[in-house]
Amino acid sequence: KKALGIVLETEGKSPLGLRLTGIGLSASGDNSYFVPEKALRENSGLKSAVFALLTDRETEKIVHDGKHARIALAREGIDFVCDFDTMLAAYLLDPSKARYDLESLIFENLGAELRGSEDAGRRASFLLPLKEVLGEKLKNQEMERLFKDVEMPLSTVLADMEMAGIRVDPDKLQKLSAEFGEKLERLTGEIYELAGMEFNINSPKQLGEVLFEKLSLPVVKKKKSGYSTDAEVLEKLKGAHPIVEKILEYRFLMKMKSTYADGLLSLVDRDTLKVYSNFNQTITATGRISSTEPNLQNIPVKTDIGKKIRGVFVAEKPDHVLLSGDYSQIELRVLAHLSGDEKLIEAFVKGEDIHARTASEVFGIPQEKVTSQLRDRAKAVNFGIIYGISDYGLAQNLGITTGEAREYIESYLNRYPKVRDYIRETINRAKLNGYVTTIFNRRRYIPDINSRNYNLRSFAERVAMNTPIQGSAADIIKVAMVKIYNHFKEMGLKAKMLIQVHDELIFDVPQDELEVVKSIVKSDMETAVPLKVPLVVDFKVGKSWEEIS
DNA sequence: GCATGATGC
DNA sequence: AGCATCATGC
């Protein structure tokens, strides 16, 4: 198979404004070429020859950032799928790097320094040797399957999600913005009145001076640069002065208005009435996907007012609906699988309420006698285990002493002994190898794991515990996404994957496809990766994201 | 550019 | 307490 390095020159914003301005090409044992967009436009023979090459199945296409290339070429009517993405390869080899630009990879792996002025043809000429180096490393580190079967095909899925976009109702957003604005104006006046002065409520510095100097409220927590005024502090001060509740409400509404109502409005495309998020595949150290402009992975859900924001995200057409499928307790199930703990596995096999079961174990009472307060505490312990438990963190979270927290943790680890073994082995492996791995052999280096600095080392140990769990959950949903995408394509369905929120997938589905789509999504998500416990997926259907939350 | 504080899983 | 992004102030 003949290999071809491809570097696209583009301008504009992805995906709607993205425009191809030129193509750099380089084949093995051949010169490299740069084809300006003008030449493609004016020479139809050249254009069809180049475009034929880009879709030739007998050519191994090597690209840096294939998702971007797929989006840029989609505008030209080309269904572009590359065979080797050097950006994704570099990410798997070290997911903690800040950047994965081609120039740095060429310098680090080939020792060549590119000048800024060099054209796309010259850059393309480095892709083949770079692919050889990165491909060899992936093979040596047993990440070939993760690369070829998961990350490479996933970039195509993410490209299509980005191009699909999500329909929003701008009028509804505008009304929410106005509603939040009016409430904020009212609150601002009330806060000035209660403070006895006007100040910038958005400035933590000025707010700290008002609360802790002018009003003499007790200082609960300090920051490097002064008083802390975060929600945790304000919650504790609630009874001390009526201004505190007003400030909490102000902060909440300000967040809703600036980030969600106004922030989202500024990103709505006026022609399509959609937002086009960027789903980034090379940002997180654990293997999760991230989302920006807008971030669709932190849209509010906990409060009623927050949920109204979700109400502006709607199905694309009148005869379409939104479908969500979310994994139930995926991270705890991954922990059950990785640790092999019989009691944890049994709880999931029997379909028990996992937090109630944990409460029953940790506090030594029958499950029927678990109060909601004890269940909440057990839930915090479960989260703590996933985050890499520390007595300090659990104590902080539950408002108990570190001694009590230590007792909870000990009790948990005594009841789930293989979890204790698993944690110990994982940290030991990290100390020995310098990295930890996921179910699919995704790797994360943990340089501080042998540090003599207690804080650095402890943090590294928590990272070592959390990464295999969070990262394996990321592996699983990524596999499911690729499977679902392929099944939709094979069956010629119009349904489209729109959003991924770590343990949840959201689809736009024509009404008449709903049942078949639901059954595909269910089986692909639940059987994505066989674990020692069942994977359970819950579904919701509605006209807006609010209705399926 | 960094710190703070909000949101999500 | 693990992983993120965004708005704001300074």
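Domain 1 and domain 4 of this predicted model bury about 500 Å² between them, and 38% of that area is on carbon and sulfur atoms. On the domain 1 side, Leu92, Pro95 and Gln141 lose the most area to domain 4, together 67% of what that side buries. The model also holds DNA strand B, with 22 residues around it, and DNA strand C, with 33 residues around it. A salt bridge between Glu293 and Lys13 and two cis peptide bonds, one from Ser14 to Pro15 and one from Glu293 to Pro294, are covered further down.

**Domains and the contact of domain 1 with domain 4**

- The domain assignment divides chain A into domain 1 (3–141), domain 2 (170–267), domain 3 (291–330 + 474–548) and domain 4 (331–470). Domain 3 is thus given as two segments, written on either side of domain 4 in the numbering.
- The contact between domain 1 and domain 4 draws 7 residues from domain 1 and 5 residues from domain 4.
- The C-alpha centres of these two domains are 43 Å apart.
- The size of an interface is often given as the accessible area lost when the parts come together. For domain 1 and domain 4 that value is about 500 Å².
- By class, the side of domain 1 that touches domain 4 has 4 nonpolar, 2 polar and 1 charged residues.
- The rule finds 0 salt bridges across this interface, while 2 residue pairs are in polar contact, both at pLDDT 80 or more.

**DNA strand B**

- Among the residues that surround DNA strand B, the closest are Thr229, Lys255, Arg288, Asn298 and Val301.
- Sugar or phosphate accounts for 84% of the strand B atoms within 4 Å of the protein, and bases account for the rest.
- The surface near strand B is made up of 8 nonpolar, 6 polar and 8 charged residues.
- Helix α12 (residues 242–265) gives the most to this surface, with 5 residues.
- Two phosphate contacts can be named: a backbone N or O atom of Thr229 is 2.8 Å from a phosphate oxygen of strand B, and an N or O atom in the side chain of Arg251 is 3.0 Å from a phosphate oxygen of strand B.
- The side chain of Tyr260 places an N or O atom 3.5 Å from a sugar or linking oxygen of strand B.

**DNA strand C**

- For DNA strand C the closest residues are Ser203, Ala285, Glu293, Asn295 and Arg444.
- Of the strand C atoms within 4 Å of the protein, 68% are in sugar or phosphate and the rest are in bases.
- The surface near strand C counts 8 nonpolar, 20 polar and 5 charged residues.
- An N or O atom in the side chain of Asn200 is 3.0 Å from a phosphate oxygen of strand C, and a polar side-chain atom of Arg462 is 3.1 Å from a phosphate oxygen of strand C.
- Gln470 has a polar side-chain atom 3.0 Å from a sugar or linking oxygen of strand C.
- The elements that give two or more residues to this surface are α12, β11 (290–292), α17 (372–387), α18 (391–398) and α21 (454–490).

**Salt bridges and the Glu293–Lys13 pair**

- Side chains of opposite charge can pair when their charged atoms come close. The whole structure has 43 salt bridges.
- In one of them the side chains of Glu293 and Lys13 meet at 3.9 Å, N to O.
- Glu293 is in the loop between β11 and α13 (304–310) and Lys13 in the loop between β1 (2–11) and β2 (19–27), so this pair ties together parts that are 280 residues apart in sequence.

**Backbone features and a loop residue**

- Most residues other than glycine have a negative phi, and most peptide bonds are trans.
- The peptide bond from Ser14 to Pro15 is cis, with omega near -5 degrees; Pro15 is in the loop between β1 and β2.
- The peptide bond from Glu293 to Pro294 is also cis, with omega near 0 degrees; Pro294 is in the loop between β11 and α13.
- Glu142, not a glycine, has a positive phi of about 55 degrees and is in the loop between α7 (127–140) and α8 (144–164).
- Asp65 is in the loop between β4 (59–63) and α3 (66–74). Leaving out residues up to four places away in sequence, Asp65 touches Asp85 and Met87.
- Asp65 and Thr282 are 217 residues apart in sequence, with 9.9 Å between their C-alpha atoms.

Terms used: Residues are numbered from 1 along each chain as its sequence is written. Chains are lettered from A and ligands numbered from 1 in the order in which they are written. This is a predicted model: local features need pLDDT of at least 70, side-chain atom pairs count only at pLDDT 80 or more; totals for chains, interfaces and linings use all residues. Side-chain values use heavy atoms; hydrogens and water are left out. A residue is near a molecule or strand if one of its heavy atoms lies within 4 Å of it. A polar contact is a pair of N or O atoms within 3.5 Å; within protein, one must be able to donate a hydrogen and the other to accept it, and residues adjacent in sequence count only if both atoms are side-chain atoms. Helices (H or I, at least four residues) and strands (E, at least two) are DSSP runs, numbered from the N terminus. Ala, Val, Leu, Ile, Met, Phe, Trp, Tyr, Cys and Pro count as nonpolar, Asp, Glu, Lys and Arg as charged, and the others, Gly among them, as polar. Domain bounds come from an automatic or database domain assignment. Contact means heavy atoms within 4.5 Å. Buried area is the accessible area (1.4 Å probe) that two parts lose on being put together, summed over both. A salt bridge is a side-chain nitrogen of Lys or Arg within 4 Å of a carboxyl oxygen of Asp or Glu.
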